[in-house]
Amino acid sequence: MKKPQTGNTASLYKTKAYSAASETSPLAATSISRRETTDNDVQIEILFCGICHSDLHTVRNEWSSIMPTVYPCVPGHEIVGRVTKIGSAVKKFKPGDLAGVGCLVDSDHTCPNCRDGLEQLCPNQTLTFNSLDKHLGGVTYGGYSESIVVDEHFVLHVPANLNLAGVAPLLCAGITTYSPMRRWGDIKGKKVGVVGLGGLGHMGVKFARAFGAQVVVFTTSENKRQDALRLGANEVVVSSKPGEMQKHAGSFDFILDTIAAVHDINAYINMLGRDGNITLVGAPEKPLSVSAFALLLGRRSLSGSLIGGIAETQEMLDFCGKHDITADVEVIPIQKVNEAYERLVKSDVKYRFSIDMASLKSEQTA
Ligand code: NAP
Ligand code: ZN
């Protein structure tokens, strides 16, 4: 077990990034320090980085009561790129390899969760951004950046046959939807609901369909109906239409709720059949109100799920390689990131923004 490094003893290099200076500031070009590779590190030139709604929650300090944002904040945890340098003890990667990094860059490797391959539940985990940086002090900086340096344990192999802009979102939206469906059991032939057709939701639809489920999408956006069917849904319900909702009451085995804002979860609990489960992956900034009776009647359960472990993330990427699954992306230059955030708030993205990081090269930073 290697000892975590503390303090500022690591040697550093500068790299360009986009950061927010406060919860009301737009993201803007800057220059940040990264550590040079230590023995177990992989340095990656970032090619694409997805925009997760969690980036926006964090940049705007919407989760202040759970994890307050430290500024400047460089978000981004859907990272795909190419290895440029490796430390002397690195075994899994060599320069030139494709590589992915998701929401985690470190954990303690010794707690029961880490021992079970559930690094995402480690009490001493380090998130890719806005988490204590054990090497440099301060907080970690994420993927809206030219390059990143990460312990190889947290770096994933990326299947070579997939479009890289569409791979980036797999590192968070992909694993966050894959993991709870896998854990729930064999969903082949089961009736599965996906609530919210955004970045997570559209990946949920693709996975549920690939696992052989009968998939129903719940959306607030009438204009996403055709897309939902194209993405693999068997049926689409526009949640503002009581007749469409009523038809499905009490009929689902499993529902994945990806909504990013406060909403009436009881309307979806009531969609479950006996022993049905609804799993929350969406993380609204305020608590949801849950009706006990909606759970009691039908012996239903409500769970939560957080991304996935490293081995499971690799399993998901390999599954995507085999089944040719990527996110549907709108590729944007980094200069459009603030506009993209405004559209994300309005649920107006089809279905994930993926930033082409080559666009960062033209920025002049100090
Ligand atoms: P997103 O792309 O913005 O998608 C969220 C979708 O929720 C929207 O497209 C919209 O779908 C629906 N929605 C938004 N506001 C709504 C409202 N007021 N009422 C009803 N539906 C609403 O966001 P995302 O990146 O998929 O992330 C979704 C949530 O998951 C965020 O809270 C994010 O922080 C969280 N998250 C959690 C994990 C985890 O590990 N648990 C990982 C990543 C992200 P329609 O237009 O179809 O209605
Ligand atoms: Zn995310």
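This report describes the domains, the nonpolar cores, the zinc site and some unusual backbone geometry of the structure above, which is a predicted model.

**Two domains and their contact**

The protein is divided into domain 1, which is made of residues 12-172 together with 308-362, and domain 2, which covers residues 173-304. Between the C-alpha centres of domain 1 and domain 2 the distance is 27 Å, and the contact takes 24 residues from domain 1 and 25 residues from domain 2. About 2,100 Å² of area is buried between domain 1 and domain 2, and carbon and sulfur atoms give 56% of that area. Charged side chains also take part, for the rule finds four salt bridges across the interface of domain 1 and domain 2.

A salt bridge can also be named by its residues: the side chains of Lys 206 and Asp 328 meet in one, with an N to O distance of 2.5 Å.

**The nonpolar cores**

The largest nonpolar core holds 88 residues, and within this core Ile 51, Tyr 144 and Phe 207 touch the most other members. Strand 3, which runs over residues 41-51, gives the largest share of this core, namely six residues. The core draws at least three residues from each of domain 1 and domain 2.

Phe 207 can be followed in some detail: leaving aside residues up to four places away in sequence, Phe 207 touches Gly 174, Thr 177, Tyr 178 and Met 181, and also Met 316, Phe 319, Cys 320 and Ile 325. Apart from the largest core lies another core, of 16 residues, which includes Phe 218, Phe 252, Tyr 268 and Leu 272.

**The zinc site**

The zinc ion (ligand 2) is coordinated by three residues, Cys 52 through SG, His 77 through NE2 and Cys 172 through SG, at 2.0 to 2.2 Å. Along the sequence, the donor residues of the zinc ion (ligand 2) follow the spacing C-x24-H-x94-C. His 77 lies in the loop between helix 1 (53-59) and strand 4 (79-86), while Cys 172 lies in the loop between helix 3 (164-167) and helix 4 (173-184), so this pair ties together parts that are 95 residues apart in sequence. Both His 77 and Cys 172 are buried.

**Unusual backbone geometry**

Four places in the backbone are listed below, two with a cis peptide bond and two with a positive phi in a residue other than glycine.

| Place | Feature | Value |
|---|---|---|
| Tyr 71 to Pro 72 | cis peptide bond | omega near 0° |
| Lys 350 to Tyr 351 | cis peptide bond | omega near -10° |
| Asp 275 | positive phi | about 60° |
| Arg 299 | positive phi | near 50° |

Pro 72 is found in the loop between helix 1 and strand 4, which is the loop that also holds His 77 of the zinc site. Tyr 351 has its place in the loop between helix 11 (337-345) and strand 16 (352-356).

Of the residues with a positive phi, Asp 275 lies within strand 13, which spans residues 272-280, and Asp 275 is partly exposed, with a relative accessible area of 36%. Arg 299, by contrast, lies in the loop between helix 9 (292-296) and strand 14 (301-304), and with a relative accessibility of 57% Arg 299 counts as exposed.

Technical notes:
Residues are numbered from 1 along each chain as its sequence is written. Chains are lettered from A and ligands numbered from 1 in the order in which they are written. This is a predicted model: local features need pLDDT of at least 70, side-chain atom pairs count only at pLDDT 80 or more; totals for chains, interfaces and linings use all residues. Side-chain values use heavy atoms; hydrogens and water are left out. A nonpolar core is a set of buried Ala, Val, Leu, Ile, Met, Phe, Trp, Tyr and Cys residues joined through side-chain atoms within 4.5 Å. Buried means under 20% relative accessible area, exposed over 50%, partly exposed in between (1.4 Å probe, protein chains only). Helices (H or I, at least four residues) and strands (E, at least two) are DSSP runs, numbered from the N terminus. Domain bounds come from an automatic or database domain assignment. Contact means heavy atoms within 4.5 Å. Donors are N, O and S atoms within 2.8 Å of the metal (3.2 Å for Na, K and Ca); water is not among the atoms, so sites may look incomplete. Buried area is the accessible area (1.4 Å probe) that two parts lose on being put together, summed over both.
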